[in-house]
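Visitor: Can you walk me through this one? I'd like to start with a helix and see where that leads.

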Amino acid sequence: MSTALLSAIATTPAIVITGWLELEEYINSQAVNYDRVALLLTSELMALWCVSQPTVSRRIAGINKAGLARIKHADGYQGGWWVTR
């Protein structure tokens with residue numbers, strides 16, 4: 001477990017921690033070997049977490065706030081997110 005994850009556990013809602021762990025596992029399991037940055041679609045995150053688009057946005061905000069990763073909207077790419085670990 002990373003230091004960021006361990007420090008976030010005490011102050012971050014469990015759903016955000018779980019969402020980050022699922023997202024990190026998903027990125028690591030992709031056929032394309034992402035190094036530190038991945039481009040993901042909102043539709044991929046909706047399917048991964050079985051949630052709606054507004055919930056994806058809330059989870060992304062929670063992950064950013066907890067400092068687990070930097071996730072920002074991919075400019076010029078509708079529905080895309082850059083995830084930097």
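**Helix α3 and its surroundings**

Guide: In α3, the buried residues (under 20% relative accessible area, 1.4 Å probe, protein chains only) are T42, L45 and W49. They cover an arc of only 60 degrees around the axis, so they sit on the same side of α3. The arc is that of the directions from the helix axis to the C-beta atoms. Helices here are DSSP runs of H or I, at least four residues; strands are E runs of at least two; both are numbered from the N terminus.

This is a predicted model: local features need pLDDT of at least 70, side-chain atom pairs count only at pLDDT 80 or more, and totals for chains, interfaces and linings use all residues. Residues are numbered from 1 along each chain as its sequence is written, and side-chain values use heavy atoms, with hydrogens and water left out.

Visitor: What do the buried residues of α3 pack against?

Guide: α2 (14–29), β1 (37–41), α4 (53–66) and β3 (80–84). Contact means heavy atoms within 4.5 Å.

Visitor: Why does T42 count as buried?

Guide: Because its relative accessibility is 11%. Leaving aside neighbours within four places in sequence, T42 touches Q53, V56, G79 and W81.

Visitor: What follows α3?

Guide: C50, with a positive phi near 55 degrees.

Visitor: Switching to α2. Which residues are buried there?

Guide: V16, I17, G19, W20, L23 and I27. They fall within an arc of 160 degrees seen down the axis, so they line one face of the helix.

Visitor: And which are exposed on the other side?

Guide: A14, E25, N28 and S29 are exposed (over 50%).
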